[in-house]
Protein chains: 4
Amino acid sequence: MQIRTDLAMESRHLAENIQGVNCKTIRHGAIEETHVIIESDEAAEALSKAKGTYITLSCEGMWQADVAERSALMHALSSVLKGLLPPFGDILIIGLGNRHITADALGSRVLEGILVTRHMKNVISDSIQGRLRGVCAVAPGVLGITGIETAEMVKGVVEHTRPAALIAIDALAAREANRICTTIQVTDTGILPGSGVGNHRLGITRETMGIPVIAIGVPMVVYASVIARDGLSMLLDDMGMDQEAHEPAIEALVKKISARELGDMVVTPREVDVLVGRVASIIAEGLNMALQPRLSEEEISLLTHDSM
Amino acid sequence: MQIRTDLAMESRHLAENIQGVNCKTIRHGAIEETHVIIESDEAAEALSKAKGTYITLSCEGMWQADVAERSALMHALSSVLKGLLPPFGDILIIGLGNRHITADALGSRVLEGILVTRHMKNVISDSIQGRLRGVCAVAPGVLGITGIETAEMVKGVVEHTRPAALIAIDALAAREANRICTTIQVTDTGILPGSGVGNHRLGITRETMGIPVIAIGVPMVVYASVIARDGLSMLLDDMGMDQEAHEPAIEALVKKISARELGDMVVTPREVDVLVGRVASIIAEGLNMALQPRLSEEEISLLTHDSM
Amino acid sequence: MQIRTDLAMESRHLAENIQGVNCKTIRHGAIEETHVIIESDEAAEALSKAKGTYITLSCEGMWQADVAERSALMHALSSVLKGLLPPFGDILIIGLGNRHITADALGSRVLEGILVTRHMKNVISDSIQGRLRGVCAVAPGVLGITGIETAEMVKGVVEHTRPAALIAIDALAAREANRICTTIQVTDTGILPGSGVGNHRLGITRETMGIPVIAIGVPMVVYASVIARDGLSMLLDDMGMDQEAHEPAIEALVKKISARELGDMVVTPREVDVLVGRVASIIAEGLNMALQPRLSEEEISLLTHDSM
Amino acid sequence: MQIRTDLAMESRHLAENIQGVNCKTIRHGAIEETHVIIESDEAAEALSKAKGTYITLSCEGMWQADVAERSALMHALSSVLKGLLPPFGDILIIGLGNRHITADALGSRVLEGILVTRHMKNVISDSIQGRLRGVCAVAPGVLGITGIETAEMVKGVVEHTRPAALIAIDALAAREANRICTTIQVTDTGILPGSGVGNHRLGITRETMGIPVIAIGVPMVVYASVIARDGLSMLLDDMGMDQEAHEPAIEALVKKISARELGDMVVTPREVDVLVGRVASIIAEGLNMALQPRLSEEEISLLTHDSM
């Protein structure tokens, strides 16, 4: 049985034994930075992940980070992004998900803090203008609310704004509850069909968009059936029973529990509404830093407020 | 191990074998109405619930009820409430919980639809005035945001407004996920310490307030550790193993899982933000009907909008 | 001096004496329906309005209409729209404006009540499916927040969804404060540059989009300088002085007042936040009726909730 | 005719010629600090203001202040407050107004940024605990929504929490549009009947509450009739006509305009929704500084987030 996770790093234990996967972990202070690079098609299939680079920044209690940790996280994110972005050209930021559903609102919440500049060329002082990279930002909504496939709408925006690259932000589903709001994943594979809390139907990738697509995601939920499954595995383990022998029984049972009552239920922190706002502001500030390396933090902060 | 649930009806299977508990279930259409009356101190202790009457209205898919079902639910709720309310005097409605946290926002969401009339005595037409019952409504906030115990604040309002009874609305924790947003519990026991999604520290009861206290609640979450525990029980059952013999092992395991990663995690429908709004409007309309029996539904609707 | 108004009917007194303009007013109950048809280029220039049909529905106290008036308004709006819509093909609804600024949020508020169906073709029962018109809906945001011209973004959506017509909803500026939230204007001229509370820079019209564009608007503000100017005219009138002789003095004074302190100030009802929600729901329901003539009101209501 | 303003400093020109009024103005950088002290009953009556001290901090473009100006404003506010607060004892902060109406939402918006500590005594580290002043905070809502007089509800909270002083925050009406969101008034007179955007019916003062009451207010609107009146005065002035001789004509005219269409209309910046958030955060941070002089700014910031 495939356990769904949108985090490549959660397949690491598996990945380490597969050819065509490179993993490494760096620790700086409270932040753990993990790189998983999937290089071969075989590895991609084995892990059910697209070929490409997946970088995660993890920090226990990210949402309650103090000033120094927040700053370290923003700089780490900025630095990861700089490594993936093209050096020149406008950038389009897409905030995915449904802003009316907290667990799916990360994308639109991040957009609230982005310094949008593409339209500023004629309205700000010369001294700043020469140092601005063009940034535009769109929250395309979700299929159930717009009646339009997200990828289809994004494609229309790309064709009209002609950016050099696209950054898509999305809420993810993880396998372990302690990843929720503590891990940021950045990948150059874009958004894949079936991923995210909202389960995208079409991909937003370099292939479909014709430009590089970087995806930034943070786990917001674990599907309740995953928790049930993990509990069962631990129990068997604890009882000294053989996992593999009981695999079919476990699967059948999880299916029964899921069908009976867990359906679309998710596990999430009770106060997820508050957490998502804090994580969103860390991501927005990290993005602003990466996209506007020639502005000071104060200039970014002032312009971001003015442009609202 | 005590499994937490705020719903008396979830202890029914247990209750049926205890002296001093009366249970009955009535079915009208899609709605199941259950009465659990705890009459003796022994029964109260056995069930970890206060003595008193607990009435639940359940309806699968309550949040997507069609017009006829919605109407049936509102009338059923209104009828239950009329049986518990004093015949005369002002009523104070308290919306408990934290409106910034979706799973805990039921109380404040219900208040948005309540027809508040206590201040209208001199401002509306004579024809309506003679038919109005005085209603006031307060969302006292939560301790973490106000710095004041909810019960302490409510007590101050009661002393200044001198209502004949108090109705408190709160989000509950259930034991089974399929109760979430499908069951409304009404009880004359008030709000007990330790209950609700927000875990009240002091009670709001007839004893502390000096007037009858009716509590209306709807399950919004199941604690994730409960789901894990249920999964384990089912597994043992399935494997033909004896539950009781393994009880200590299960308990130890659930504690381990909870400590490791489930902590304050809850299981909730992904789209709980949308569901809570729909259930809140059913409760608000049922309350308005019960409190203003001499107004037509249209008069209630018009006055509710005007008073905003 | 040009006094800005987005309502063609406020130019009626002027229009009545111009060749190439047809005006008529029908009254049904509390609703006044006005038609202004601008037929010649000369008339269009004299009135600073595009050639086309402008229909307004006015109802004093629209936001506090009772059930019968609300229903009459929704039916009147539906009937006006049916006269302008093409008989077949998908419809794209665009909610213009900035949802973070109350006076400019009408467009996004209306979208919240629209029954979106374009994506439902495979997910609902056959019995309903055959009777659905395809509707999709987008809130493109504003230039200051997205960095992208609204018209440019809408063009991208039109190209990818290929609707038969587009309906754009926008908050308007009026000349008289008593028009605020009491008048709905429907026009086949689309959205013109410089119109709306948000002052669109590019038009969204049949010419730019390649399909019919119907605009629905409601006045939400009067620019404060307009109020000042009207006061001055009344004063001169009252004092028996000749308006025309003092025209230059008045203009100079209004400019002085505006520059000194009125700048971008608007006149608006104190409780505009509440009013906009009520007017938006009338428009959304009128639109749903016009777009889904083969569904009953209850079917529309149920599907609208389910699709959220 | 009495022109309504809640700002004492707008009566200054008048005040300067009245015995029993002391005025002074200090300028520090971009901030103008004005003190108006009304000492005699005669002066109070002449100015229609209660006896007491009124201090205003004005800063053009306060809502777009840069980091240095923001910091200067917060320190200036903190310093003014320290001069008025009792040295020891808990402080109760009341956020007045209707949070659903932007122009009246200042009070509840400020509360979102307040560090509430009264309940923390047992939950935080010893090192911080000894340095905390007890603060609690309540948004009592408005009469139309609760059915309870604000003053009545506040009185109940005061009796149960026994603070040493009360700070009430409210949105004000000014006489001049350029005061909107650019001036903070602090006064030891409390909240007077008839003041504020919401027009309080009963006062919240030392007399009614039994403890010192400090009021903090920011103008959010000018009544539209005031703008009309000012325009007329300027016109007469411009035309070289005698104001006093025409006073009755002006008054009659303003009444006519107001009755005909201005009613409850207010003049406000189009983007007031955004401005109120920025001003609220300046006030919240200034309050936190004044109330917690023994905490660093970073400690305040961390604790404020944690307590949400």
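The legends below describe close-up views of a predicted model.

**View 1. The interface between chain B and chain A of the predicted model.** In this pairing, 37 residues of chain B are in contact with 37 residues of chain A. The area buried between the two chains is about 3,500 Å², and carbon and sulfur atoms give 67% of that area. Between chain B and chain A there are zero salt bridges, whereas nine residue pairs, both members at pLDDT 80 or more, are in polar contact across the interface. On the side of chain B that touches chain A, the elements giving two or more residues are helix 9 (224-238), helix 10 (243-262), strand 9 (265-269) and helix 11 (272-291) of chain B. Helix 9 of chain B gives the most to that side, with eight residues.

**View 2. The rotation axis that relates chain B to chain A.** A rotation of 180°, with 0.0 Å of shift along its axis, superposes chain B on chain A with an RMSD of 0.1 Å. That is the relation of a two-fold axis. The residue of chain B that comes closest to the rotation axis is B:Val267, whose C-alpha lies at 2.2 Å. Because 100% of the interface residues of chain B are also interface residues in chain A, the copies meet through the same surface.

**View 3. The interface between chain C and chain D.** The contact takes 37 residues from chain C and 37 residues from chain D, and the area buried between these chains is about 3,500 Å², of which carbon and sulfur atoms give 67%. The count of salt bridges between chain C and chain D is zero, while the count of residue pairs in polar contact, with both residues at pLDDT 80 or more, is nine. Helix 9 (224-238), helix 10 (243-262), strand 9 (265-269) and helix 11 (272-291) of chain C each supply at least two residues of the side that touches chain D. The largest share of that side, eight residues, comes from helix 9 of chain C.

**View 4. The axis that relates chain C to chain D.** A turn of 180° and a shift of 0.1 Å along the axis lay chain C on chain D with an RMSD of 0.1 Å. In chain C, the C-alpha nearest the axis belongs to C:Val267, which is 2.2 Å from it. The same surface serves both copies, in that 100% of the contact residues of chain C recur in chain D.

**View 5. Helix 11 of chain A, residues 272-291.** At 1.5 Å a residue, the 20 residues of this helix should span 28 Å, and its end C-alpha atoms are 28 Å apart, which agrees. Helix 11 of chain A is mostly covered, with 17 of its 20 residues buried.

**View 6. The surroundings of A:Gln185 in strand 7 of chain A.** A:Gln185 has its place in strand 7, which comprises residues 183-187 of chain A. The residue counts as buried because its relative accessibility is 5%, and the cut-off for burial is under 20%. A polar atom of the side chain of A:Gln185 lies 3.1 Å from the backbone oxygen of A:Asp6. Leaving aside neighbours within four places in sequence, A:Gln185 is in contact with A:Asp6, A:Leu7, A:Ala8 and A:Met9, with A:Tyr54, A:Ile55 and A:Thr56, with A:Leu172, and with A:Ala215, A:Ile216 and A:Gly217.

Conventions
Residues are numbered from 1 along each chain as its sequence is written. Chains are lettered from A and ligands numbered from 1 in the order in which they are written. This is a predicted model: local features need pLDDT of at least 70, side-chain atom pairs count only at pLDDT 80 or more; totals for chains, interfaces and linings use all residues. Side-chain values use heavy atoms; hydrogens and water are left out. Copies are superposed by least squares on the C-alpha atoms of residues with pLDDT of at least 70 in both. Contact means heavy atoms within 4.5 Å. Helices (H or I, at least four residues) and strands (E, at least two) are DSSP runs, numbered from the N terminus. The expected span of a helix is 1.5 Å times one less than its number of residues. Buried means under 20% relative accessible area, exposed over 50%, partly exposed in between (1.4 Å probe, protein chains only). Buried area is the accessible area (1.4 Å probe) that two parts lose on being put together, summed over both. A salt bridge is a side-chain nitrogen of Lys or Arg within 4 Å of a carboxyl oxygen of Asp or Glu. A polar contact is a pair of N or O atoms within 3.5 Å; within protein, one must be able to donate a hydrogen and the other to accept it, and residues adjacent in sequence count only if both atoms are side-chain atoms.
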